[in-house]
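Please walk through this structure with me, beginning with its covalent cross-links and moving on from there to its pocket and its surface.

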Amino acid sequence: MDIPQADLDLLNEKDKNELRSFISNETQRQRVQGQTHALTDSCWKKCVTSPIKTNQLDKSETVCMSDCVERFLDVNLTIMAHVQKITRGGSK
């Protein structure tokens with residue numbers, strides 16, 4: 001999102017901060033939404049291998065989807081913890 005500098009110069013400091021916060025929040029929301037779509041696509045391709053015949057996944061597909069999501073979350077949490085440790089000056 002590009003906002004002309006002339007328009008930004010018209011804002012007071014409080015409004016500039018609110019705008020920065022809004023843009024930051026929207027960027028984070030888009031990132032989470034993108035990760036959710038990628039996770040859904042990846043797990044779906046891995047777990048749903050047969051044609052869908054009913055409005056529900058079968059038991060093995062449900063278990064696979066659950067395990068896939070849990071693995072994804074575990075890996076992301078591990079990566080975030082490692083990055084935080086590095087940024088705090090911890091070991092590599």
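**Cross-links, pocket and surface patch**

The link of C47 and C64 is left-handed, with -70 degrees about the S-S bond. Because C47 lies in helix α2 and C64 in helix α3, this pair ties together parts that are 17 residues apart in sequence. The model is a predicted one, and in it the sulfur atoms of C47 and C64 are placed 2.1 Å from each other, joined as a disulfide. As for their surroundings, C47 is buried, and C64 is buried as well.

How many disulfides does a search of the whole structure find? The search finds two, and the other link to consider here is the disulfide that joins C43 to C68, with an S to S distance of 1.9 Å. This pair links distant parts of the chain, since C43 belongs to helix α2, which spans residues 13-47, while C68 belongs to helix α3, and the two cysteines are 25 residues apart. The link of C43 and C68 is left-handed, with -85 degrees about the S-S bond.

Are C43 and C68 buried or exposed? C43 has a relative accessibility of 1% and therefore counts as buried, the cut-off for this class being under 20% relative accessible area. C68, with a relative accessible area of 9%, is buried too. When the bonded cysteines are counted along the protein chain, the disulfides follow the pattern 1-4, 2-3, with C43 joined to C68 and C47 joined to C64.

Helices α2 and α3 also come up in the description of the largest pocket, since they are the elements that give two or more residues to its lining. The volume of this largest pocket is about 160 Å³. Its lining is made up of V32, Q35, T36, L39, F72, L73, N76 and M80.

Turning to the surface, one finds a nonpolar patch of about 240 Å², which is made by V75, I79 and V83. Of these residues, V75 is found in helix α3, which covers residues 59-87. Why can V75 be part of such a patch? V75 has a relative accessible area of 46% and is partly exposed, and because patches are made of residues with over 30% relative accessible area, V75 passes that cut-off.

Helix α3 thus returns at each stage of this account: it holds C64 of one disulfide and C68 of the other, it gives two or more residues to the lining of the largest pocket, and it contains V75, one of the residues of the nonpolar surface patch.

Methods. Residues are numbered from 1 along each chain as its sequence is written. This is a predicted model: local features need pLDDT of at least 70, side-chain atom pairs count only at pLDDT 80 or more; totals for chains, interfaces and linings use all residues. Side-chain values use heavy atoms; hydrogens and water are left out. Patches are made of residues with over 30% relative accessible area and no salt bridge: like charges are joined within 9 Å, nonpolar side chains (Val, Leu, Ile, Met, Phe, Trp, Tyr) within 5 Å. Accessible areas come from the Shrake-Rupley method with a 1.4 Å probe; for residues, only the protein chains shown count as cover. A salt bridge is a side-chain nitrogen of Lys or Arg within 4 Å of a carboxyl oxygen of Asp or Glu. Helices (H or I, at least four residues) and strands (E, at least two) are DSSP runs, numbered from the N terminus. Buried means under 20% relative accessible area, exposed over 50%, partly exposed in between (1.4 Å probe, protein chains only). A disulfide is a pair of cysteine sulfur atoms within 2.5 Å. On a 1 Å grid over the protein atoms alone, a cavity is a set of points where a 1.4 Å probe fits but cannot get out, and a pocket is an open set with protein on both sides within 12 Å along at least five of seven lines; lining residues have an atom within 4 Å of a point. Grid points are joined across faces, edges and corners, and a volume is the space filled by probe spheres set on the points.
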